[in-house]
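Student: Could you pick one residue, look at it closely with me, and then work outward to the rest of the chain? I would like to see how the local details connect.

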Amino acid sequence: MSTSARGYSRYAMSFSTGTLLSRESMIAASLYLDTEDWAAVRGRLNAENLLQARTASSRDRLAREVVQRLATLTETELRLLVEAGPSERSHLMWVAACRRYAFIGDFAEEVVRERFLLLTPALGYAEFDSFVRGKSLWHPELAELKPSTLQKLRSNLFRMLADAGLLANGEITQAMVSQRVLDVLNARVPSDLRFLPTRAGQEVTL
């Protein structure tokens, strides 16, 4: 987010490239752990087309997006990401998206997790549209988006939820978080577990 002259923080709304990016994250995270240099990682992703993009422009966009999301993770989280199983990786990449994009983080906490805790798991485009209308009171940049852009962002966000295993058949699915993912999320204050639909004492898997 950036801060405007009015004093409110603008939402970054550029999450139309890729969805959860779990496969791509494995490649980029491994490179970073070898170099500890995100610029070098992005350069190599581009130069060698390691993410298998079809065009030079899409290659650059995808590399930039992956790096920006992974840069929100700590080195401990990146190491966990590389050795994680599919579910763990999905949860970490969902949290990375929430950190990178405050809009996604707010939606995850205020809509997805809240509806799950209130036992109203149905989630569709209507809830997204209502959330956008409410946030537009404090974030006029949302009203500036073209309807086609907003539709694409909405579709991408719901695909990300599905890819993360948090949405199936129009209903929110409880995140069964492993102990080691739980530990890294709880290392932050406030805990980033808030981005996942869980209930205290029920979220840990062996």
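**A close look at Glu-65, and outward from there**

Tutor: Happy to. Let's begin in helix H3, which is where Glu-65 is placed. Please keep in mind that this is a predicted model. With a relative accessible area of 4%, Glu-65 falls under the 20% cut-off and therefore counts as buried. Its side chain has a polar partner: the side chain of Tyr-101, at 2.7 Å in a polar contact. Leaving aside residues up to four places away in sequence, Glu-65 touches Ser-14, Phe-15, Thr-17, Leu-21 and Tyr-101. Tyr-101 is thus both on that contact list and the polar partner of the Glu-65 side chain.

Now step back along the chain from H3. The loop between helix H2 (38-47) and H3 holds Asn-49, and Gln-52 lies in that loop too. Each is worth a look for its backbone. Phi of Asn-49 is near 50°, a positive value in a residue other than glycine. Gln-52 is not a glycine either, yet its phi is positive at about 60°. As for their surroundings, Asn-49 is partly exposed, with a relative accessible area of 23%, while Gln-52 is exposed at 62%.

Going the other way from H3, you come to helix H4, residues 75-83, where Glu-77, Leu-78, Leu-80 and Leu-81 are buried. Viewed down the axis of H4, these buried residues fall within an arc of 160°, so they line one face of the helix. Turned away from that buried side is a face carrying the exposed residues Thr-76 and Glu-83. What do the buried residues of H4 pack against? Their partners are helix H1 (22-35), H2, H3, H5 and H9, which brings us back to the helix that holds Glu-65.

H3 is also a packing partner for helix H8, whose buried residues pack against H3 (56-70), H5 (86-100), H6 (102-117), H7 (125-135) and strand E3 (167-168). Those buried residues of H8 are Leu-150, Leu-153, Arg-154, Asn-156, Leu-157, Phe-158, Met-160 and Leu-161; note Arg-154 and Asn-156 in the list. The geometry of H8 can be checked with simple arithmetic: at 1.5 Å a residue, its 17 residues (147-163) should span 24 Å, and the end C-alpha atoms are indeed 24 Å apart. H8 also contains Gln-151, which is partly exposed at 46% relative accessibility. Gln-151 and Tyr-125 are separated by 26 residues in sequence, but their C-alpha atoms are 9.4 Å apart in space. Just after H8, Gly-165 takes a positive phi of about 75°.

What about the nonpolar interior? The largest nonpolar core has 64 residues, and those with the most contacts inside it are Leu-70, Trp-94, Phe-103, Ile-104, Phe-107, Leu-123 and Leu-196. H6 gives the most to this core, with eight residues. Take Leu-196 as an example: beyond residues up to four places away in sequence, it touches His-91, Trp-94, Val-95, Arg-113, Leu-166, Ala-175, Val-177 and Leu-185. Trp-94 in that list is itself one of the core residues with the most contacts.

Glu-65 has a counterpart worth setting beside it. Ser-178 sits in strand E5, residues 177-178, and at 9% relative accessibility counts as buried. Its side chain makes a polar contact with the side chain of Glu-88, at 2.7 Å. Further on, in the loop between helix H9 (179-186) and strand E6 (204-205), you will find Pro-190. Val-189 and Pro-190 are joined by a cis peptide bond, with omega at about -5°.

Finally, a word on confidence. The chain averages a pLDDT of 92, and 93% of the residues score at least 70. Over residues 1-7, though, the pLDDT is below 50, and this stretch has twelve contacts in the model beyond near neighbours in sequence. Residues 202-206 also stay under 50, with 16 contacts beyond four places in sequence.

How values were computed: Residues are numbered from 1 along each chain as its sequence is written. This is a predicted model: local features need pLDDT of at least 70, side-chain atom pairs count only at pLDDT 80 or more; totals for chains, interfaces and linings use all residues. Side-chain values use heavy atoms; hydrogens and water are left out. Helices (H or I, at least four residues) and strands (E, at least two) are DSSP runs, numbered from the N terminus. The expected span of a helix is 1.5 Å times one less than its number of residues. Buried means under 20% relative accessible area, exposed over 50%, partly exposed in between (1.4 Å probe, protein chains only). Contact means heavy atoms within 4.5 Å. A nonpolar core is a set of buried Ala, Val, Leu, Ile, Met, Phe, Trp, Tyr and Cys residues joined through side-chain atoms within 4.5 Å. pLDDT is the predictor's confidence in each residue, from 0 to 100. A polar contact is a pair of N or O atoms within 3.5 Å; within protein, one must be able to donate a hydrogen and the other to accept it, and residues adjacent in sequence count only if both atoms are side-chain atoms. The arc is that of the directions from the helix axis to the C-beta atoms.
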